[in-house]
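The following paragraphs offer a guided reading of one protein model. Please keep the sequence and the coordinates at hand while following the text.

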Amino acid sequence: MKDLYYDVVIAGCGVAGLYTAIHLPPDKKVLLLSKDSLETCDSMLAQGGICVLRDDDDYDSYFEDTMRAGHYENRRESVDIMIRGSRAVINHLIALGVRFATNPDGSLLYTKEGAHSRPRICFHEDVTGKEITTVLLRTVQTLPNVTIMDYTTMTDILTEDGVCTGITAETADGDVLYISCRDTVFATGGIGGLYKHSTNYPILTGDGCRIAEKHGVALEHMDYVQIHPTSFYTEEPGRQFLISESARGEGAVLLNHKGERFTNELEPRDVVSAAIHAEMKKEGVEYEFLSFANVPKETILHHFPHIYEFCLEHGYDILKEPIPIVPAQHYFMGGIHVDSNSETTMPHLYAVGETSCNGVHGKNRLASNSLLESLVFAKRAAQHIAASCESEQKNPKEQEQNV
């Protein structure tokens with residue numbers, strides 16, 4: 001057993017955890033924990049891209065697209081915060097070195113996905129999540145105030161008089177860690193590891209939510225689980241390979257076993273998933289097809305090179321034939337209830353990314369809002385921690401009286 005002391009502990013090394021660390025004050029001693037290797041996080045798997053408010057004229061349509069996809073159960077304040085914070089995040093990512101696709105004049109090239117009324121999605125080929133996460137990880141690894149421990153699993157939190165005072169964790173060698181800190185941030189990702197068919201890594205088992213519930217921290221919409229319409233169908237066990245929604249945004253269509261198109265591919269994900277399941281039941285089959293026949297060859301090779309290569313390795317040339325697809329668990333819209341600063345109902349405990357529920361997504365997530373939501377609210381968590389630390393330093397007597 002070991003006792004460790006930090007100012008802030010962050011459980012999770014996806015984009016939410018990394019971006020929180022980047023925005024914390026440099027004088028704060030920060031510890032980041034990764035349950036597996038640093039590359040084994042769902043942020044690495046995001047294909048389609050990350051949304052951005054294109055201009056002031058785009059605000060109303062972007063807001064409406066997000067609300068409509070979420071069945072108008074979204075928290076309006078959170079949607080507004082995300083949209084208005086989007087441009088600053090994209091500019092910061094570019095400054096850090098993220099290579100988004102651009103037009104010949106150097107301006108950002110936008111793509112479109114289902115339920116978006118216009119193209120507003122920044123992307124890097126079909127591995128946007130990997131590009132962003134890799135750049136953020138490289139940035140964090142240069143910060144002298146941040147320590148990263150991989151293969152270390154959070155097992156519980158430490159509390160005192162209803163306040164979070166740190167976490168307990170276990171290393172791959174079996175060492176038990178008692179990590180005390182002023183502020184704790186859960187960035188533990190989703191719940192896909194609990195499902196038979198999921199696009200998530202198996203290690204994502206809702207750890208943050210489970211620990212929060214144990215200590216009476218409020219949860220929200222735990223039944224709001226998104227099914228992605230198009231994962232590559234295979235009888236092989238393990239994580240399902242995602243076929244990006246951008247493919248349908250660029251013209252790919254869904255076909256049944258008769259070669260007939262049976263739904264509008266650009267409806268929200270829950271609508272498209274339901275249509276595929278209905279067609280599968282009608283035909284008595286375990287999968288349907290996605291055809292790239294309407295997508296230009298150059299778009300396939302430059303926008304979807306990794307999808308093309310994956311399918312080719314599994315016996316399908318998307319330039320010549322449709323591929324088998326099936327809906328799979330993909331994203332968790334519910335989670336640990338947080339306010340607009342990503343703070344939970346327990347003092348000094350924050351939650352960011354997919355494990356949190358700030359209400360942005362409502363009942364169903366709009367495509368490519370996940371990376372943006374994670375980054376915007378991770379930044380707000382870090383800023384709130386910094387502001388509360390500064391306030392505490394300025395008014396030590398007042399803080400002592402409150403305690």
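R269 and E245 form a salt bridge in this predicted model, and their closest N and O atoms lie 2.4 Å apart. R269 belongs to helix α7, whereas E245 belongs to helix α6, which covers residues 245–249. The two positions are 24 residues apart, and the pair thereby links distant parts of the chain. Are R269 and E245 buried or exposed? Both R269 and E245 are buried, so each has a relative accessible area under 20%.

Another ion pair joins E267 to R68, with an N to O distance of 3.2 Å between the side chains. E267 sits in the loop between β13 (253–255) and α7 (269–283), and R68 sits in helix α2 (residues 59–69), so this salt bridge ties together parts that are 199 residues apart in sequence. E267 counts as partly exposed because its relative accessibility is 24%. R68, at 38% relative accessibility, also counts as partly exposed.

A further salt bridge connects the side chains of D175 and K2, at 3.6 Å from N to O. Why does this pair tie together parts that are 173 residues apart in sequence? The reason is that D175 lies in the loop between β8 (163–171) and β9 (176–180), while K2 lies in strand β1 (residues 2–5). D175 has a relative accessibility of 29% and therefore counts as partly exposed. K2 is likewise partly exposed, with a value of 45%.

Beyond these individual pairs, salt bridges link D55, D58, D65, R118 and R120 into a network. The total for the model comes to 18 salt bridges.

The text now turns from charged side chains to nonpolar ones. The largest nonpolar core contains 58 residues. Which residues have the most contacts inside this core? They are I10, I50, L93, F100, I132 and L136. Helix α10, spanning residues 370–394, gives the most to this core, with 10 residues. L136 illustrates how separate parts of the sequence meet: with neighbours within four places in sequence left aside, L136 is in contact with V15, L18, Y19, I22, L93, L96 and L375. Another core, of 25 residues, lies apart from the largest one, and its members include V9, F186, A212 and M346.

The packing of helices can be followed at α2, the helix that holds R68. α2 packs with helix α3 (residues 76–96) at an angle of about 130 degrees, and the axes of the two helices are 10 Å apart. This angle makes α2 oblique to α3, because an angle over 145 would be needed for roughly antiparallel, and the range for roughly perpendicular is 65 to 115. The crossing of α2 and α3 is right-handed. On the α2 side, the contact is made by Y59, Y62, F63, T66 and M67. On the α3 side, R76, V79, D80, M82, I83 and R84 make the contact.

A last site to inspect is D207, found in helix α5, which covers residues 207–214. Its relative accessible area is 9%, so D207 is buried. Apart from neighbours within four places in sequence, which residues are in contact with D207? D207 is in contact with K35 and T153.

Technical notes: Residues numbered from 1 in each chain as written. Predicted model: local features only at pLDDT ≥ 70, side-chain atom pairs only at ≥ 80, totals over all residues. Heavy atoms only, no water. Salt bridge = Lys/Arg side-chain N within 4 Å of Asp/Glu carboxyl O. Helix = DSSP H or I, 4+ residues; strand = E, 2+ residues; numbered from the N terminus. Buried < 20%, exposed > 50% of the residue type's maximum accessible area, 1.4 Å probe, protein only. Core = buried A, V, L, I, M, F, W, Y, C linked by side-chain atoms within 4.5 Å. Contact = heavy atoms within 4.5 Å. Axes fitted to C-alpha atoms, helices over the stretch in contact; angles between N-to-C directions. Parallel < 35°, antiparallel > 145°, perpendicular 65-115°, else oblique. Left-handed = near helix turned anticlockwise from the far one by under 90°.
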